[in-house]
Amino acid sequence: MRFVTHLESAVDGTRFDASQIQTMHESKPLWVRYDLDRVKHEWSQHPLSERRMDMWRYRELLPVGNEIEPVSLGKMASPLIACPRLGAKLGLLNLLIKDESQLPTGSFKCRGLAMAVTMAKHFGQRRLAMSSNGNAASALAVYAARAGIECLVLMPIDVNPGNFFECWMSGAHVYLAEGLIDTCGKLIRRGHDEGHWFDVSTLKEPYRLEGKKTMGLEIAEQLDWQLPDVILYSTGGGTALIGMWKAFVELRQMGLLRSSTMPRMIAVQSTGCCPIVNAFEKGERFAPRHENAQSAAFGIRVPQAIGDFMILDAVSESHGCDVAIDECEISRFQQLGCSAEGISIGLETGASLAAVHKLLDQGQIHTNERILIVNTAAATKYWAEALPTFRQLDLNTTIDLSTLFDAKPSPCHKELRVGDGAEA
């Protein structure tokens, strides 16, 4: 019993048959649409509270329904963690972090790729490919391995070595290229068009979005169907922001939300790569490419997002905003987040933490609001970048142990580079 009614063009509403494999319409993404009345009835008969706590508990509101076996690596749900110490440092009374670092490959990309691989297997695809800044490639590699499907990933040459090592260990065909993710994506799309593989890059097929949507469903359920006032999300391709908003809209249409208002969605980018912010400030629905894009946080170094208008629509509909953070602030706030609460905060999430100060000063958010930040990936994804900064001890010399706590913690490598005047 699949509850999908049809697929729908996000740009003009054209309908497509959900029983056939689909990709895009006129180079724009597709929505998956559901019979929400049937979903609501099914949930009333078989309550979510009686189900296993993972992303597949929402099967009726996912393309798999009850008839498609998921490609799974076991339990997959992430905690919603109250962060009073970090909140106090940032000037917030009620700060929550949705910690996606605890998923199988250490990032939120598991949700989307578990769904995309599941559906690709259902439709008989045997070779999958994508361009990626790292975390999505890792997720594709492990879920493709789990499904027994070949995969190919193409990444910019400067991405974190941990990601391409994980891909290689999982049996993926890994290639590094000079160029950014959108340039890599053009080659992947050409291979798709020529029939060499199926492209599962961001929003190039409709099902990764549905996997990311489960983050929003979890947030609603974890908060007893009362949504936060504000959600900050560090935005590259923006699939999770789009997916969360889609989840909230569907829950509202089913009458399941207890909140009187919807959360304001805030897309956070770096000054080194902020096409969505630039378009938002100009009141435009589509975002031109950000030339010479740079950011140490590779996940938000996306010079042109295929779902730009979907991100901007979600922000606008939610009465939210977009904000760009100085590149030099990101690593400092990442370390603040890790040290204040013990959560493995990813570098991209450092941008969202840095955004809090700016938005408080601008009056865009308020101290007493319930603020939720999505931690998209684990700090350990950036281990190779931090190694050169750690202090060393010569154990062949006499060491005054009483002084070891006197020194400040080792600074982040990226923060040092910025402070030294080097390019971030």
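This tour moves through a predicted model, from its largest pocket to its salt bridges, two backbone features and its surface.

**The largest pocket**

Begin with the largest pocket, which holds about 750 Å³ of space. Select Ile-181, Thr-202, Val-302, Gln-304 and Ala-305: of the 42 residues that line the pocket, these are the closest to its centre. Next, colour the elements that give two or more residues to the lining, namely helix 4 (135-147), helix 6 (181-193), helix 7 (207-222), strand 10 (230-234) and helix 8 (239-253). Which of the elements gives the most to the lining of the largest pocket? Helix 6 does, with 5 residues. If the lining is then coloured by class, 11 residues appear as nonpolar, 20 as polar and 11 as charged.

**A pairing between two loops**

The next stops concern salt bridges, of which the structure holds 25. Side chains of opposite charge can pair when their charged atoms come close. Select Asp-158 and Arg-301, which form a salt bridge with their closest N and O atoms 2.8 Å apart. Asp-158 lies in the loop between strand 7 (150-156) and helix 5 (161-169), and Arg-301 in the loop between helix 9 (275-281) and helix 10 (308-317), so the pair ties together parts that are 143 residues apart in sequence. Is each partner buried or exposed? Asp-158 is partly exposed, with a relative accessible area of 36%, whereas Arg-301 is buried, at 5%.

**Glu-210 and its two lysines**

Move now to helix 7 and select Glu-210 with Lys-213. These two residues form a salt bridge, the closest N and O atoms lying 2.7 Å apart. Because they are 3 residues apart in helix 7, about one helical turn separates them. Lys-213 counts as buried, with 0% relative accessibility, and Glu-210 is likewise buried, with a relative accessible area of 0%.

Keep Glu-210 selected and add Lys-246; their side chains meet in a salt bridge of 3.1 Å, N to O. Glu-210 belongs to helix 7 and Lys-246 to helix 8, so this pair ties together parts that are 36 residues apart in sequence. Lys-246 is buried, at a relative accessible area of 4%. Both helix 7 and helix 8 are among the elements already coloured at the lining of the largest pocket.

**A network of salt bridges**

Select Lys-98, Glu-100, Arg-111 and Glu-218 together. These residues are linked in a network of salt bridges.

**Around the ends of helix 7**

Turn to Glu-205, in the loop between strand 9 (198-199) and helix 7. Glu-205 is buried, with a relative accessible area of 3%. Add Leu-30 to the selection and draw a C-alpha to C-alpha distance: Glu-205 and Leu-30 are 7.2 Å apart in space, although 175 residues apart in sequence.

Then follow the loop between helix 7 and strand 10, where Asp-224 is found. Trp-225 is in the loop between helix 7 and strand 10 as well. Most residues other than glycine have a negative phi. Asp-224, however, has a positive phi near 55°, and Trp-225, which is not a glycine, has a positive phi of about 65°. What is the exposure of each residue? Asp-224 is partly exposed, with a relative accessible area of 41%. Trp-225 is buried, at 17%, a value that falls under the 20% limit for that class.

**Two stops at the surface**

Select Arg-146 in helix 4. With 54% relative accessibility, Arg-146 counts as exposed, since exposed residues are those over 50%. From Arg-146, draw a line to Lys-186: the C-alpha atoms are 27 Å apart in space, and the residues are 40 apart in sequence.

Finally, select Leu-393, Leu-395, Leu-401 and Leu-404, which form a nonpolar patch on the surface. Together they present about 450 Å² of accessible area. Within this selection, centre the view on Leu-395, in the loop between helix 13 (383-386) and helix 14 (413-419). Leu-395 counts as exposed, at 71% relative accessibility.

How values were computed. Residues numbered from 1 in each chain as written. Predicted model: local features only at pLDDT ≥ 70, side-chain atom pairs only at ≥ 80, totals over all residues. Heavy atoms only, no water. 1 Å grid on protein atoms, 1.4 Å probe; cavity = no way out; pocket = protein on both sides within 12 Å on 5 of 7 lines; lining within 4 Å. Points joined across faces, edges and corners; volume = space filled by probe spheres on them. Helix = DSSP H or I, 4+ residues; strand = E, 2+ residues; numbered from the N terminus. Nonpolar A, V, L, I, M, F, W, Y, C, P; charged D, E, K, R; others polar. Patch = residues over 30% accessible without salt bridge, like charges linked within 9 Å, V, L, I, M, F, W, Y side chains within 5 Å. Areas by Shrake-Rupley, 256 points an atom, 1.4 Å probe, with all protein chains shown as cover. Salt bridge = Lys/Arg side-chain N within 4 Å of Asp/Glu carboxyl O. Buried < 20%, exposed > 50% of the residue type's maximum accessible area, 1.4 Å probe, protein only.
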